[in-house]
Amino acid sequence: MSGEQAQAPQDAETSETTTGDIETGADAVVRALENAGVEHLFGVQGGAIMPVYDALYHSEMDHITMAHEQGAAHAADAYGIVSGEPGVCMATSGPGATNLVTGIADANMDSDPLIALTGQVPTEFVGNDAFQETDTIGVTSPITKANVFANDSETVGTDVGTAFALAKRGRQGPTLVDLPKDVTKGDASEDPGTPETPDTYNPPETAEPEAVAEAADVLAEADRPVILAGGGVIKAEASEEIREFAKEHEIPVVTTMPGIGAFPEDHELSLEMAGMHGTGYANMAITMTDCMLAVGTRFDDRLTGGLETFAPDAEVIHVEIDPAEVSKNVEADYPLIGDAKAVTKQLATAMPRSPACDEWREQVQQWKDEYPMDYAAPEDDPVKPQYVVEAFDNATDDDAIVTTGVGQHQMWACQYWTYKEPRTWVSSHGLGAMGYGVPATIGAKLAAPDKDVVCFDGDGSFLMTCQELSVAVRENLDITIVVLNNAAIGMVRQWQDAFFGERHMASEYPWIPDFDTLAEAFGARGFRIDTYEEVEEVVEEALAYDGPSVVDAHIDPGENVYPMVPSGGDNGQFALSEDQL
Ligand SMILES: Cc1ncc(C[n+]2csc(CCOP(=O)(O)OP(=O)(O)O)c2C)c(N)n1
């Protein structure tokens, strides 16, 4: 809702600024965002950020007032994932800024484009333990790509523009500008212009041609090649290039969790996701391969398992924009430093021929037959979560967007939804932040208003940020939140069963609210599923409802996520049930 639509008191001390005039640092901040093409901002008001909000009063940009700053950061993060443009979140100093921290850390782990604008106490009070003073720069330094303390009203607009450009260019990530109140209130007149990164920031575009040629030769010689597509493929808009490359050379494709959507999972070359809860066939392929073309991945431990058993026989070609990631976890035999899209094109041109690997493709197909992703769903059992996920997948368009919280439900959403397009999978990967789901759904829907957006949440995750439902109702967002309710923080319970002698310490809820009733109290529609017979009708009605709906799906509380590679384990030794762990 823009300032003009909001019910601001007529006699409020509002800035007289109209689009066209820049009189204060805050006006320049707002102009920088407008110049960047920002359409939506997510935030919560407060003392130190008030000048910026006041300057927003006449802006055409749409500010979404969130219930909690964590919600603002996650909504902005999801907005960035779906749109490709940095999401913008705003908060006041002190608790406002610290409440953003989880969302900023999440964006940092997942290289999501995000810009955070935080109010700060006036410069002369910094260091005095002034009211709501927190060293936001200090707190966020380790979790931002760049952060800056604005110290001049005339240049603060440029600071914001630069932060926006840095969030987007090269390896994407979160940036932050801390805005002391005297700086935003102080005089300014200059239009900050179009956002630009500093001249000194020159992320690599193409890789060394000789290195590309060498890598292409190695790949063409491979007997058991595999492509590992990471989140960087999607961030670099390289999905099309990877698809063409894989199809042209008939190379099987595995994705990381953030890479989901980079390659259509219904294609015969797709092995879907690898790693801790990846498919058996993906994990066999990345273990037995003799040549891995890894694109845009930082080789997270949830993917690799134990490094000594990860792809032990493979020559690793690592296409990566951030040199710091190369050979950090997995030794790269052929590092290709550059943008995923540009380097994939280079590789496509350099390939002397396709690898001769008919036998390998047959082997991969055998693994698919041997370890299918299925589950037992006897009619008289409590409803299986996988069945609910599949029911929503079947009832939505191919380009529907899925968001999640963190836990078992997140893994079922990975495993049992067939992703076909990039930017349709929105989750908290590296940080694994419970509570991501509801606000991320809001951000995703605003970034893609014409698409179906379905959130799979856990009861524990939902309880962390369900207050953001108030925002979804106020903004009348047509979203569907499916709580896969097992009356437990199930992933923890699963680990207790497997590794802690079944001692369920602090993992089961003896009582939980009726989420459908709770939804109605917020003004959303609430639905409940207890039996298989109800699934189809509820799915249909929840999706048809034109506004936010919450489905409280009471699932089998004993259901666990498999396959599973135990932490630090060997991907080739995945367990299909607890007794194999
Ligand atoms: C903020 C936060 N706190 C704690 C955890 C640790 N954790 C990981 S999964 C999980 C269980 C999540 O429970 P729920 O959201 O109900 O999902 P389920 O596993 O039952 O599907 C917990 C507590 C976390 N990931 N994030």
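This is a short tour of a predicted model, moving from a sheet to a lysine and then to some aromatic rings.

**Stop 1: the sheet**

Start by selecting the strands β9, β8, β7, β10, β11 and β12, and colour them in that order. Together they make up an open sheet of six strands with parallel pairing, and the order you have just used is their order in the sheet. Now look at the two edges: β9 (270-273) and β12 (334-337) each have a single partner strand, so one side of each has no neighbour in the sheet. As you turn the view, note that neighbouring strands are rotated by 15 degrees against each other on average, direction ignored.

Zoom in on β7 (residues 225-229) and β8 (residues 253-255). These two run parallel and are joined by three bridges. To find one of the bridge pairs, show L228, whose partner in β8 is V254.

Next, add helix α8 (residues 209-221). Which strands does α8 touch as it packs on the sheet? They are β7, β10 (291-295), β11 (315-320) and β12, and the direction of the helix makes about 135 degrees with that of β12.

**Stop 2: K235**

Move along to helix α9 (residues 231-235) and pick out K235. Display side chains here, and you will find a polar contact of 2.9 Å between the side chains of K235 and D112. To see the wider surroundings, add D110, S111, P113, Q172 and R423; with D112, they are the residues K235 contacts once its neighbours within four places in sequence are left aside.

**Stop 3: aromatic pairs**

The model holds 12 aromatic pairs. Select Y375 and Y416 for an edge-to-face example, with 5.3 Å centre to centre and 90 degrees between the planes. Why is this pair worth a look along the chain? Y375 sits in the loop between α14 (358-370) and α15 (385-395), while Y416 belongs to helix α16 (residues 408-416), so the pair ties together parts 41 residues apart in sequence. Y416 counts as buried, because its relative accessibility is 7%, under the 20% cut-off.

Then select Y419 and W425, an edge-to-face pair with 5.3 Å centre to centre and 70 degrees between the planes. Are these two buried or exposed? Y419 is buried at 1% relative accessibility, and W425 is buried too, with a relative accessible area of 4%. Add F392, W417 and F456 to the selection: ring pairs link these residues with Y419 and W425 into a cluster.

**Last stop: a charge over a ring**

Finish at R525 and Y545. R525 lies over the face of the Y545 ring, 5.6 Å from the ring centre.

Definitions and conventions:
Residues numbered from 1 in each chain as written. Predicted model: local features only at pLDDT ≥ 70, side-chain atom pairs only at ≥ 80, totals over all residues. Heavy atoms only, no water. Pairing = 2+ DSSP bridges. Helix = DSSP H or I, 4+ residues; strand = E, 2+ residues; numbered from the N terminus. Axes fitted to C-alpha atoms, helices over the stretch in contact; angles between N-to-C directions. Contact = heavy atoms within 4.5 Å. Polar contact = N/O pair within 3.5 Å; in protein donor to acceptor, adjacent residues only side chain to side chain. Phe/Tyr/Trp six-rings, centres within 6.5 Å; stacked < 30°, edge-to-face > 60°. Buried < 20%, exposed > 50% of the residue type's maximum accessible area, 1.4 Å probe, protein only. Lys NZ or Arg CZ within 6 Å of the ring centre and 35° of its normal.
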